[in-house]
Amino acid sequence: MLINREQSGKRWHLRPDGPPKVTGQLQYLTDMTLPDMIYGKVLRSVYPHARLLSVDTLEAEAMEGVYAVLTAKDVPGLNRFGIATPDQPVFCEDVVRYVGDAIAAVAADSPERALLALGAIRVQYEELEPLDSTDAAQAAGAPELHPHGPGNVLHRTEIKRGDAQQAFDTCDYVVTETYYTPRQMHAYMETEGGLFVPDEEGRLHVYAATQHGYKDRMQLARIIGCPEEHIRVVSSPIGGSFGGKDELNVQPYGALLALKCGRPVKMHNSRKESVRAGLKRHPMKIEMQTGMSREGILQAHRVRITADTGAYATLGAPVLNFCTEHCMGPYVIPHVDVEGVSVYTNNGLSGEFRGFGGNQAIFAMEGQMDRLAQMIDMDPWELRRRNLRQKHDPGPLNQRILPTDGLSQVWEAIHRSELWQKHLHPQVELSLPPWIKRGVGAAIAMHGAGLGYGIPDPAGGRLSLNAEGKIEVAFSYEEFGQGLVATLEIMLCDLFQCQPSDLSIVIGDTDRVPHSGSSTASRSTTMAWMALQRLQHGFRSKLLDVASEITGISAAKLVTGPGGVWIKTEESVSASSCPVVSYGELVKQGEAQEWIFDTSFHYPTTPDDVMGGHYLYTYAAVVAEVEVNTLTGETKLLDTRHIVAAGPIINPMGYVGQIEGGSVMALGFTLTEDAVMQHSRYVTANLDTYLIPTIKDIHTQLEVEAIEDLPEGDPFGPRGIGEIGSVALAPAITAAIHQATGVWVNRLPVPREELSKGLSVLLPEGVKPS
């Protein structure tokens with residue numbers, strides 16, 4: 001099924017939050033103000049690595065308009081945070097480990113005075129040599145960045161299966177390559193910030209972007225030293241996240257300042273501060289050796305992954321786990337030897353990012369497949385077919401996974417596509433200058449959904465008829481641009497045959513919603529769908545039973561519909577102009593608690609007793625056409641086709657939007673984006689030197705083909721697609737570059753200088769690269 005506006009049977013649903021967003025009327029969390037609020041700012045280290053000798057705040061405290069100056073001694077509870085490993089200090093005590101480390105925070109009556117107060121704080125450092133690479137951090141005698149913890153190694157992983165060394169000795173063909181991937185920025189439009197409001201009852205109301213309000217509440221309670229229930233976190237709507245706001249950022253400082261001052265405090269990072277202190281995608285070095293038989297059957301695979309997690313853990317360990325799981329791709333390989341290490345350095349923080357380590361792993365693995373195919377002069381897509389996991393094969397960790405035909409379906413869709421035929425039968429473009437070359441490449445991926453085995457992954461939801469006579473659904477998920485509100489609206493309208501005006505959707509407010517888990521790992525759509533399947537029957541039965549009591553009509557003859565309960569006909573609702581009982585009339589007939597239905601459960605994980613690994617996967621394949629200018633090394637993406645097997649589509653517009661958005665983010669990852677650091681300091685300190693794809697870089701040809709099939713009786717419904725559109729484009733583009741130029745790319749973003757140098761043999765006589 002090709003997704004487009006003319007597609008029959010699918011509703012292109014107007015996003016409820018669309019008009020206010022495009023007209024500028026929507027109030028994001030950083031737009032919030034109160035008449036008596038003051039402004040918070042954070043003083044951050046000027047060194048990537050130094051001993052902190054003293055912090056003198058007296059001058060800043062005496063300044064006019066300054067209400068508070070806080071340092072480590074002012075943290076009443078735990079002076080640490082971290083969603084998985086709380087190793088990052090709220091305020092540094094004796095050492096700073098990166099240029100974003102917080103030393104002090106101030107609150108003043110204007111942003112300008114707050115900045116002046118920061119400048120009045122006197123800090124004495126003893127500068128230390130930074131560990132600016134994973135090699136430096138792992139070298140013998142390197143100083144330990146976390147001497148009371150794991151030293152300089154955050155986490156190690158391994159997968160050992162069979163005897164890889166012996167298998168390599170018998171392989172007919174072996175490819176050895178090292179791949180490098182960049183430190184990518186999330187580049188969300190709304191930088192980190194929010195409003196922090198203490199109330200008269202001693203509670204703190206936090207209006208700040210996050211992807212997990214309950215986790216923020218837990219961490220803030222530990223820092224403040226109070227019960228979690230004393231904190232309310234409102235976490236929606238958000239102006240973009242992509243994983244970057246999953247971790248605490250300004251929240252500890254805003255919370256502490258607000259409680260100290262007894263007044264609302266507004267925090268909002270500048271873009272420069274966001275770049276300096278915010279999370280990035282993990283840069284990785286992936287060494288791969290892959291061997292196969294002369295028939296093109298994979299035999300052995302050796303991988304060594306090194307990830308730079310920066311100064312603190314964030315989710316560096318789970319990202320490495322995910323990368324390790326996915327570095328074998330969707331292939332059956334009997335002999336495997338994989339090791340991974342996530343290393344602390346004095347570089348900027350690396351953490352959660354759309355794709356979660358899958359992007360790096362899939363770029364490397366698919367690169368291996370293309371190189372192997374060239375060795376035996378085989379169609380690279382045919383080589384993939386010979387090695388793909390079959391429906392009932394175990395997963396990458398030899399774990400049981402949910403059987404689907406997704407892999408074979410996306411492979412077949414690319415195989416028959418017109419764009420892939422251009423790879424198989426390339427044509428010389430006579431109308432192009434001789435230094436312009438074109439090529440087509442493709443890649444395939446399986447991508448785990450949910451947090452994976454061994455990680456708590458709770459879910460739940462609430463369905464009720466509220467006092468206003470609205471069908472109310474409540475989840476702790478957040479809307480950060482992915483279209484969740486529209487998807488929930490469609491689900492509810494389909495379940496109850498009602499209309500949007502009958503609904504109230506409540507998300508992202510810990511005072512009003514149950515614990516549904518995080519809005520990460522492509523899980524929200526699946527979990528919301530599963531929750532509503534559990535809730536709908538009891539809720540509908542209650543509505544119809546009360547309507548039956550009121551009207552005397554048997555509940556079996558009634559059905560929910562627009563505005564209330566209708567008499568059932570062949571058309572589902574009666575032909576009369578109004579329901580027999582409105583939802584407003586129903587709610588008056590019962591006690592409020594009678595209308596509330598709750599459910600709680602966990603994301604499905606593998607039934608096997610194995611550590612790590614996923615149970616549900618989505619599948620995708622991408623074919624891409626590029627144009628390479630051999631004078632400059634510039635690469636343009638001309639055309640792509642994304643095939644996605646992720647179950648039923650709920651919201652076609654949202655589906656396409658997610659694949660388009662993921663594709664553009666992957667385009668930057670592949671061709672232009674790299675938050676460069678030298679000696680543990682950002683060279684790209686702002687967006688003026690960081691090359692995000694613009695509308696001119698985005699190709700006009702992008703087709704999305706959705707495969708909606710699921711196994712009969714599948715209980716898990718639609719899979720999330722927030723990440724799957726971003727993971728396979730990079731290797732498709734680099735394969736296309738190779739067909740165009742004969743040059744293999746092993747480093748992202750594609751280095752133009754090296755590429756043009758490598759292409760000099762392709763230039764017309766007398767023409768030199770620029």
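## Helix α10 and the residue after it

In this predicted model, Asp 377 adopts a positive phi of about 55°. Its position is just after helix α10, which runs through residues 358-375.

Helix α10 comprises 18 residues, and the distance from its first C-alpha to its last is 26 Å. That span is close to the 26 Å expected at 1.5 Å a residue. The helix is mostly covered, with 16 of its 18 residues buried.

## The four-stranded sheet

Four strands form an open sheet in the order β16-β24-β25-β28, and their pairing is mixed. The edges are occupied by β16 (436-448) and β28 (701-707); each has a single partner strand, so one side of each lacks a neighbour in the sheet. On average, neighbouring strands of this sheet are turned by 15° against each other, direction ignored.

At the β28 edge, the pairing with β25 (residues 635-645) is parallel and extends over seven bridges. Thr 640 has Leu 702 in β28 as its bridge partner.

## Helices packed on the sheet

Helix α9 (residues 316-326) packs on the sheet, where it touches β16 and β24 (617-629). The direction of α9 makes about 110° with that of β16.

Helix α12 (residues 406-415) also packs on the sheet, touching β16, β24, β25 and β28. Relative to β24, the direction of α12 makes an angle of about 25°. Strands β16 and β24 are thus touched by α9 and likewise by α12.

Methods:
Residues are numbered from 1 along each chain as its sequence is written. This is a predicted model: local features need pLDDT of at least 70, side-chain atom pairs count only at pLDDT 80 or more; totals for chains, interfaces and linings use all residues. Side-chain values use heavy atoms; hydrogens and water are left out. Two strands pair if DSSP finds at least two bridges between them. Helices (H or I, at least four residues) and strands (E, at least two) are DSSP runs, numbered from the N terminus. Axes are lines fitted to C-alpha atoms, for helices over the stretch in contact, and angles run from 0 to 180 degrees between N-to-C directions. Contact means heavy atoms within 4.5 Å. The expected span of a helix is 1.5 Å times one less than its number of residues. Buried means under 20% relative accessible area, exposed over 50%, partly exposed in between (1.4 Å probe, protein chains only).
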